Structure formats: structure tokens, C-alpha cells
Amino acid sequence: FEQSNFTDETRVTKEYPYIVDMEELRLTTEILHYAGTSPEERKQIEILREAWRSVNAMFEEKERELLSKIQKKEKLLEEEKQRAEQERQRAQEKEKLLEEERQSTEQERQRAEEKEKLLRQIINPIKMMQNLGIEDQQIEQSLNIRIKDYL
């Protein structure tokens, strides 16, 4: 049992203020103090308690409002984080598609170069044969190709 004040034999109240750690003991001490005081002091205690109840009620309402606002903002932040993550994923997917497109384009370019190289290898002997005076029909028969397809 904890008590923060005592009355000695001369009826003088001696205060021993210190903080009570447990809420239950603090309430019990307040009740005992209230019960042991004079009617005038009780009235002042009641007025003070009512004032504190009013202040607490006012601040509780403000606290609830603030907590509600905080929760809404946290929810909005979380939604924004999710949207940002989705956008990041979309950007990564687009980047991946672009890279695949670049690779595909590069492969197509390499194939075109190879075809051009092969065509040069075919066209150069045909032109040489034509320069030597060999007729197109003979060239086509000997190479088993149609010259019009390559020239």
C-alpha cells in the first residue's frame, strides 16, 4: 500500500510526493485521500477532477482525430508505395522488352549482312563470267540458278 501524505497528531497534513508506478495503486491512493479529506477539500477535488475529465475528453477526441488522419495518410502512403512498385515493375518489363527488341534487331541486321555477303559471293562470279563473254543461259545452267533473281 502506498500513500503520498499523512496527518500527524496535531492534524497537520504531511505531503510525501512521489510518482506511483502502478495505475491501480495510484487510483487507490487517490480514493483513500479523497475519503480522508474534509467536505470543502472534497468539493475542490471534485471540481479539479471534473476539469481534468473535460480536458482529457477534449484531448481524447483530438487524439482520435489525429490518429484517424495518421492512419489515412499511412494508408495513402502504402497505396502510393504499391503504385510505385507496380510502375517500377512495368518499367523493368518495358526495359526487358526493349532489350529483346534490340537483340532481335541486331540479329536481323547480322542476318542481312550475311545474306548480302552471300549474294556478293554469288554475284561476283556471275559478273566475271559475263565479262568473259559467257552467256547468261550457260551461267544459269552451270550454276543451277536464275541470274534475274540475283541481279
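In the predicted model, R109 is partly exposed, at a relative accessible area of 38%. Its salt-bridge partner is E106, with N and O 2.3 Å apart. E106 is also partly exposed, at 32%. Both residues belong to helix α2, where a spacing of 3 residues puts about one helical turn between R109 and E106. A salt-bridge network in the structure links E95, E99 and R102 through shared partners.

Two further pairs in helix α2 have a spacing of 3 residues, about one turn: E87 with R90, and E61 with R64. In the E87–R90 salt bridge, the closest N and O atoms lie 2.4 Å apart. E87 has a relative accessible area of 47% and R90 one of 41%. Each value falls between the 20% and 50% limits, so both residues count as partly exposed. The side chains of E61 and R64 form a salt bridge with an N to O distance of 2.8 Å. E61 is partly exposed at 37% relative accessibility. R64 is likewise partly exposed, at 48%. In total, the structure contains 10 salt bridges.

Helix α2 spans residues 39-131. It also contributes to surface patches. K62, K69, K72 and K73 make up a positive patch on the surface. K73 lies in helix α2. Its relative accessible area is 57%, and K73 is therefore classed as exposed, the cut-off being over 50%.

A nonpolar surface patch consists of L66, L67 and I70. Together these three residues present about 280 Å² of accessible area. L67 is located in helix α2. With 43% relative accessibility, L67 is partly exposed. That value is over the 30% required of patch residues, so L67 meets the accessibility criterion for the nonpolar patch.

At the level of the whole protein, the fold comprises 3 helices and 2 strands. Their order along the sequence is β-β-α-α-α. Of the 151 residues, 7% are buried, that is, under 20% relative accessible area. The exposed surface amounts to about 13,800 Å². Carbon and sulfur atoms account for 54% of that surface. Among contacts between residues at least 6 apart in sequence, 19% connect residues at least 24 apart.

Key
Residues are numbered from 1 along each chain as its sequence is written. This is a predicted model: local features need pLDDT of at least 70, side-chain atom pairs count only at pLDDT 80 or more; totals for chains, interfaces and linings use all residues. Side-chain values use heavy atoms; hydrogens and water are left out. Patches are made of residues with over 30% relative accessible area and no salt bridge: like charges are joined within 9 Å, nonpolar side chains (Val, Leu, Ile, Met, Phe, Trp, Tyr) within 5 Å. Accessible areas come from the Shrake-Rupley method with a 1.4 Å probe; for residues, only the protein chains shown count as cover. A salt bridge is a side-chain nitrogen of Lys or Arg within 4 Å of a carboxyl oxygen of Asp or Glu. Lys and Arg count as positive and Asp and Glu as negative; His and the chain ends are not counted. The place of a charge is taken as NZ of Lys, CZ of Arg, CG of Asp or CD of Glu. Helices (H or I, at least four residues) and strands (E, at least two) are DSSP runs, numbered from the N terminus. Buried means under 20% relative accessible area, exposed over 50%, partly exposed in between (1.4 Å probe, protein chains only). Contact means heavy atoms within 4.5 Å.
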